[in-house]
Amino acid sequence: MATTEPVVLIPEFKAHYGSIPNFINGAFVQSESTRILTIDNPATGKEIGTVAMSTAAEVDRAAQAAQAAFQDWRRTPPQTRIQYLFKLKHLMEERFEDLARIVTQEHGKSLEEARGSVMRGIEHLEVASGMPSLMMGYNLEDGAAPGIDEEMIRQPMGVFACISPFNFPMMVPFWFWPYAIAAGNTYIVKPSEQDPISQKIVFELIEEVGLPAGVMNMVNGDKEVVDALLHHPLIKGISFVGSTRVGHYVYHEGAKHKKRVQAQAGAKNHLVVMPDAVMEKASQNWINSFFGCAGERCLAGSVLVCVGDEVHAQASAAFKEAAEKVTVGYGLDERVFMGPVISASAKARILGLIETGIEEGATLLVDGRNPDVITPGCEEGYFVGPTIFDNVTPDMTIAKEEIFGPVACIMKVETLDDALKIIDESPFGNAASIYTQDGFTARKFKYEANAGNIGINIGVPAAMAYFPFAGRKDSFFGDLHGMGRDAIDFFTDKKVVVNRWIWDPKTMGTWS
Ligand code: NAD
């Protein structure tokens, strides 16, 4: 069980970040909006800043600035453009610990998880720095006929924007903008209104690296800003990450306004346990998968599908034992494995779903409704402890809906095919994992599981930056995934040039 030793909280505990400004045309500017939201530290429930919900006029200013910057920026050689990414990478490495602490304070995840998210952001700067090679085209001599050569060149398109979720406030915008600007586009970031402080700090560093004004912009806000981005005629493409409901809307609304859209959406991920799984290692892995980041991860495990009675008995016992050892508290307290969820309303929604699970007849194996919070001073925090339901059936609400909190469901099936059917019938398709030591079983799963990211003995199959990332079904709307080579296709337009140069024997000599 959790220890109750007192912990000395570090000074950031009291940090107040003031009112988070926008960043437009190379300068921080306060929004003119009078619609102000408070930003809470979810571990303490205390206000740590405020943010104004910007207006469509402010989005227009950002879009005009980005458009004005575009012509010079696209003419800046890629080799010069990426120097700014290198500089930012170095600044982020210097400020690494501060950045991680800010993520923990505004989002709640543990310091270790926050560090991981900052590292993942930096990884995108590194990969996008390969842009001079990545965006090369190709050509073919005599491609159409003798003397007619063909070539494909990639060109930037103009202004792009991303709309970001609350669960990785530092990392998610890095999935997109480093590739966009390295390829010669200009950019607008719309952070989540629930935790916009990390992006404010990133933009302080962006200001420090001295990018030309207008290349990178940030507008804070909610639906009004999102709609203004979706409707703005200067914006060529939108990358969205968030819930399925909003992702579906963004995809349709963006396409209606002639934009490229990639919308990465909600999830309900299944982890299948086979009789030959290495149970001790696997159960540790489930703790990270289901309860890491308090379950607020699009790749979080949600349903543990046990194949056979024996597996079910062993897996539920091992999972329960491991879950009961999870420490809950303020993420800055290094003893803590799991922090709070993002807000009082998220907590209320998750507790409501736990009630529904009980009403619908699932067995509450581990009850996280009143967790033992080990960090002093967190009485008002939004904590839900690790929760496990056993004997869940596919028709139950908790088996179908995305909970986005630390609530695990355990199901029992007879065969691997039964498990694959459950995965296939889920409306979501972000990730699926299998625990087995058998190569053929793993291959069958990899081949047949209907999800965009597959884990083999891995509970959070998070691709590195150089691989594409997106789900299937209601977990993704669009064609080109985020990251990897897809990012190059998304942020450039291909142009084919057919060349013929006329040979004049009188003036040009002999043609051999
Ligand atoms: P959300 O959909 O509520 O918000 C995402 C963004 O959309 C925010 O910037 C928000 O301001 C904006 N928004 C919210 N409501 C809107 C509306 N009605 N109209 C227009 N814009 C609106 O998502 P969230 O709660 O911030 O994030 C959690 C969700 O994100 C989960 O469903 C999770 O699975 C998903 N997610 C998916 C991925 C992925 O890669 N598939 C990654 C991270 C998170």
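A polar contact is taken here as a pair of N or O atoms within 3.5 Å. On this criterion, the predicted model places the ligand in polar contact with the side chain of K190, a polar atom of which lies 2.7 Å from a ligand oxygen atom. The side chain of E402 likewise presents a polar atom to an oxygen atom of the ligand, at 2.6 Å. The protein buries 89% of the 840 Å² that the ligand exposes when taken alone. The backbone also takes part, since a polar backbone atom of S164 is found 2.7 Å from a ligand oxygen atom.

The shell around the ligand comprises 26 residues, the closest being K190, E193, S243, A265 and E402. Among the secondary-structure elements that line the ligand, helix α8 (223-231), strand β11 (235-241) and helix α9 (244-256) each contribute at least two residues to this shell.

A second site examined is D390, which belongs to strand β16, spanning residues 387-390. This acidic residue is buried but forms no salt bridge. Its nearest side chain of opposite charge is that of K412, at a distance of 9.5 Å; because a salt bridge requires a side-chain nitrogen of Lys or Arg within 4 Å of a carboxyl oxygen of Asp or Glu, the pair D390 and K412 does not qualify. The side chain of D390 instead makes a polar contact of 2.8 Å with the side chain of H312. Beyond residues up to four places away in sequence, the contacts of D390 comprise H312, S316, A362, T363, L365 and I410. H312 thus appears both in this contact list and as the polar partner of the D390 side chain.

Notes: Residues are numbered from 1 along each chain as its sequence is written. This is a predicted model: local features need pLDDT of at least 70, side-chain atom pairs count only at pLDDT 80 or more; totals for chains, interfaces and linings use all residues. Side-chain values use heavy atoms; hydrogens and water are left out. Helices (H or I, at least four residues) and strands (E, at least two) are DSSP runs, numbered from the N terminus. Buried means under 20% relative accessible area, exposed over 50%, partly exposed in between (1.4 Å probe, protein chains only). Lys and Arg count as positive and Asp and Glu as negative; His and the chain ends are not counted. A polar contact is a pair of N or O atoms within 3.5 Å; within protein, one must be able to donate a hydrogen and the other to accept it, and residues adjacent in sequence count only if both atoms are side-chain atoms. Contact means heavy atoms within 4.5 Å. A residue is near a molecule or strand if one of its heavy atoms lies within 4 Å of it. Accessible areas come from the Shrake-Rupley method with a 1.4 Å probe; for residues, only the protein chains shown count as cover.
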